[in-house]
Amino acid sequence: MAVESFNALECFIRSAEVGSFAEAARRLSITPAAVGKHVAQLEARLGVRLFQRSTRKLTLTEAGQRFLGEVSDSFRTIQYAVANLASAEGQPAGLLRVSMGTVFGRLYVLPLLGEFLRRYPAITPDWHFDNRQVDLIGQGFDAAIGGGFDLPPGVVARKLTPAHRVLVAAPAYLQRHAPIDDPQVLQRHDGILIRSPQTGRVRSWPLTSRWQAQQPMQLRQAMTMSDSDAACAVAEQGLGIALVSLPFAVPYLQAGRLRRVLPDWYVDDGHISLYFAEHKLMPGKTRAFIDFVVEQFAEQGLAGRFDALQTL
């Protein structure tokens with residue numbers, strides 16, 4: 001494939017993914033005029049119009065949609081093959097773009113970076129810390145780490161740990177109140193609840209016991225936070241009982257700054273997973289990262305540390 005044809009296809013596919021020549025140009029580090037020129041040359045070569053252009057938006061024509069479906073997978077295969085061949089002395093190499101939650105990434109993924117780079121010195125990390133789900137393919141990420149993501153076409157998930165939520169409170173708060181030995185008692189306590197940054201809503205989860213019984217969670221909403229770490233910090237001040245993701249609570253529990261409330265009960269919120277594009281020929285840098293993270297999480301026993309039935 002000639003370089004010009006390869007570049008034209010890349011401009012077309014990226015423009016189709018993001019719906020804008022300007023945004024495609026930004027992600028390809030070229031000018032919008034260059035993207036438009038490449039797409040126009042591709043249209044002239046094919047003899048069909050691929051996009052309907054207007055001042056407000058860029059949309060695929062019927063022919064463009066059909067062409068995108070036919071070439072996108074093959075083009076990515078070629079991209080991955082080129083990237084793998086270009087790896088330094090056969091070792092995984094290149095820019096590794098990964099998205100992960102801010103606090104979770106800093107607590108549990110960043111500490112792995114030194115060993116990862118010792119094994120793969122030709123990989124350049126480009127890690128983004130954000131608590132929102134990213135468009136893995138459209139935004140050009142190699143992988144993402146998080147929980148509860150919707151799986152768009154072409155993206156798969158590999159489970160890392162349970163995503164359990166637990167009830168926690170400061171020792172001083174628990175000393176001021178009668179023992180909490182039943183979920184129904186929660187309705188008499190101030191609740192520090194999490195508001196979803198994606199939807200803006202406070203979800204109503206059922207509590208599950210280690211015996212798999214379920215009860216509604218009747219914690220009174222006294223305040224809301226958009227982040228589990230912030231909720232832990234507020235609970236540490238003795239201001240109420242917080243329902244938080246267990247990975248965020250672990251440092252507070254280990255230090256004795258918070259204690260589990262109703263330790264036989266928890267909220268099952270699925271799993272924290274690695275997300276990546278499904279492809280037969282995965283870039284070496286992506287495969288190296290996925291295998292390394294899975295290995296490290298297993299060696300460190302993080303799945304057990306984040307299991308509400310094992311972490312009291």
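Angles of 65 to 115 degrees between helix axes count as roughly perpendicular, a cut-off that is needed for the first of these close-up views of a predicted model.

**View 1. Helices α2 and α3 of the predicted model, and the contact between them.** Two packed helices are described by the angle between their axes and the distance between the axes. The axes of helix α2 (residues 21–28) and helix α3 (residues 32–46) come within 8 Å of one another and cross at roughly 105 degrees, and the two helices are therefore roughly perpendicular to each other. On the α2 side the contact is formed by F21, A22, A24 and A25, which meet P32, V35, G36 and V39 on the α3 side. Sorted by character, the residues of this contact comprise seven nonpolar and one polar, with no charged residue among them.

**View 2. E43 and its surroundings in helix α3.** E43 lies in helix α3 and has a relative accessibility of 10%. Because residues under 20% relative accessible area are classed as buried, E43 counts as buried at this value. When the neighbours within four places in sequence are left aside, E43 is in contact with V48, R49, L50, F51 and R53.

**View 3. Strand β6 and the strands with which it pairs.** Strand β6 (residues 155–169) has eleven of its 15 residues buried, so that the strand is largely enclosed by the rest of the structure. With strand β13 (residues 265–277), β6 runs antiparallel and is joined by nine bridges; within this pairing, R165 stands opposite V267 of β13. Strand β11 (residues 241–245) is likewise antiparallel to β6, the two being joined by four bridges, and here V166 has V244 of β11 as its bridge partner. A further antiparallel pairing, over three bridges, links β6 to strand β12 (residues 259–261), where A169 is found opposite R259 of β12.

**View 4. Helix α9 and the glycine that follows it.** Helix α9 (residues 246–255) has seven of its ten residues buried, and the helix is therefore largely enclosed by the rest of the structure. The buried residues begin with L246, P247, F248, A249 and V250, and the list is completed by Y252 and L253. After α9 comes G256, a residue whose phi is positive, with a value near 80 degrees.

Notes: Residues numbered from 1 in each chain as written. Predicted model: local features only at pLDDT ≥ 70, side-chain atom pairs only at ≥ 80, totals over all residues. Heavy atoms only, no water. Axes fitted to C-alpha atoms, helices over the stretch in contact; angles between N-to-C directions. Parallel < 35°, antiparallel > 145°, perpendicular 65-115°, else oblique. Contact = heavy atoms within 4.5 Å. Nonpolar A, V, L, I, M, F, W, Y, C, P; charged D, E, K, R; others polar. Buried < 20%, exposed > 50% of the residue type's maximum accessible area, 1.4 Å probe, protein only. Pairing = 2+ DSSP bridges.
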